[in-house]
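Trainee: I'd like to go through this one with you and check what stands behind each label. Can we put the model up?

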Amino acid sequence: MNKRTALLTLPAALLLALVPSSASAYPNPGTVTGSVVVHDPTMIRTSAGRYLLYATGGGLAYRTSTDRTAFTAGADAFTTKPGWWSSYATEAWAPDISYHGGKYLMYYAVSKFGENTSAIGLAGSSTGLPGSWTDYGIVYTSTSGSDYNAIDPNLFVDDDGKWWLSFGSWWTGIKMIRIDPSTGKQYAGDTTRYSLASRPTGSKAVEAPYIVKHGGYYYLFASYDVCCQGTSSTYKVKVGRAASVTGPYYDRNGTALTNNGGTPVLESHGRVIGPGGQSVMHDTDGDLIVYHYYDGNDGGTPKLGINLLNWSTGWPVAY
């Protein structure tokens, strides 16, 4: 029995005693082996129990596992990159995989690093496997004149059947639009661009939103500060919650996420530098936070991190 499995058998009161109270007490990622060099991972478990993971790079990098521990690499999602990408970039970023209506959907971004001339695209597949994806084209864009950045998409489907897409990076922060389930693109009946999180003073560095619903609240996970600098990265994951999917979101101290708020979920500790680029998935043993970090024992190489989440306090805590 590994440490993570053992934790699942502990009484709730004892588990709460193990909840990290400071950055130095954050847990290390669960054990993963094989092809685990990834950035901005998104993962889903098929009905047959196979894990499909996609990540930033090329035509969207692919990894797979049958046990959530040993990962192997395969071909990119796209055998041939869609032609429209060339107006924005040569590779895709930050995919978001989900399964709805008998089909796998993957939102993703194409953008030049550090610029906001960007686009969010959408693809679909009946199997979710590399080479099977059909690209549906552009969903939403931003330009150099926009006050937002159309990257880092995440699809959330609410209990009432409404679809929402959150996205954003730097500039004025995290945004959300309503999506038409019949097309996967913006819903014509509501073209509002909602603001969910921002940092109006100091650094503008908030990005990579991911929304889940738990216990009657909507939880917005986001990555704060600076990624992609190896062991100099300052990335960290924070969260806020709201009674409505469009907000307002507040952290545990009551500070609005639109006013620099955010309750820490994961921060740098030990060899784990700059954890972020996170997604959240429900698995047979609970909810998982799936992310990358820069390995301080391996020259800052970006690695796959997976931890379970404990919701006992009403706020997600990684363990």
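Trainee: How much surface does the chain expose, and what share do carbon and sulfur atoms supply?

Mentor: About 12,700 Å² is exposed, and carbon and sulfur atoms supply 50% of that. Keep in mind that this is a predicted model.

Trainee: What makes the chain agree with a compact globule?

Mentor: Set the value against the rule: for 319 residues a compact globule would have a radius of gyration near 20 Å, and the chain has 18 Å, so the two agree. The C-alpha trace spans about 50 × 40 × 40 Å along its principal axes.

Trainee: And what share of the residues is buried?

Mentor: Buried residues make up 56% of the 319. As for the contacts between residues at least 6 apart in sequence, 51% join residues at least 24 apart.

Trainee: How far apart are the mean positions of the positive and negative charges?

Mentor: They lie 2 Å apart, with 23 charges of each sign.

Trainee: What does the secondary structure come to?

Mentor: Two helices and 21 strands. Let's pick out a few of the strands.

Trainee: Fine, β4 then. Why is β4 called mostly covered?

Mentor: Five of its five residues are buried, and buried means under 20% relative accessible area, so the label fits. A61, R63 and S65 point one way, Y62 and T64 the other way, and all of these are buried.

Trainee: How do you know that β3 and β4 pair?

Mentor: Pairing takes at least two bridges, so count them: five bridges join β3 to β4, and the strands run antiparallel. L53 stands opposite R63 in β4. The two strands form a hairpin with five residues between them, and G57 in the turn has a positive phi of about 125°.

Trainee: How many bridges does β4 share with β5?

Mentor: Two, again in the antiparallel sense. The cut-off is at least two bridges, so that still counts as a pair. Here R63 stands opposite A73 in β5. This hairpin has four residues between its strands, with R68 in the turn at a positive phi of about 65°.

Trainee: What makes L60 worth a look, and why is L60 called buried?

Mentor: Its phi is near 80°, a positive value in a residue other than glycine. L60 is found in the loop between β3 and β4. At 0% relative accessibility against a limit of 20%, L60 counts as buried.

Trainee: Where is A208, and why is A208 called buried?

Mentor: A208 sits in strand β14, residues 206-214. Its relative accessible area is 8%, which is under 20%, so A208 is buried. A208 also has a positive phi, about 55°, although it is not a glycine.

Trainee: What makes β6 mostly covered?

Mentor: Six of its eight residues are buried. Six bridges join β6 to β7, and the two run antiparallel. W93 stands opposite A109 in β7. In their hairpin, which has two residues between the strands, G101 takes a positive phi near 60°.

Trainee: Last one: how do you know that the peptide bond from G247 to P248 is cis?

Mentor: Look at omega: the bond is cis, with omega near 5°. P248 has its place in the loop between β16 (236-242) and β17 (263-266).

Conventions: Residues numbered from 1 in each chain as written. Predicted model: local features only at pLDDT ≥ 70, side-chain atom pairs only at ≥ 80, totals over all residues. Heavy atoms only, no water. Rg over C-alpha atoms; globule rule 2.2 N^0.38 Å. Buried < 20%, exposed > 50% of the residue type's maximum accessible area, 1.4 Å probe, protein only. Contact = heavy atoms within 4.5 Å. Areas by Shrake-Rupley, 256 points an atom, 1.4 Å probe, with all protein chains shown as cover. Lys, Arg positive; Asp, Glu negative; His and termini not counted. Charge placed at Lys NZ, Arg CZ, Asp CG, Glu CD.
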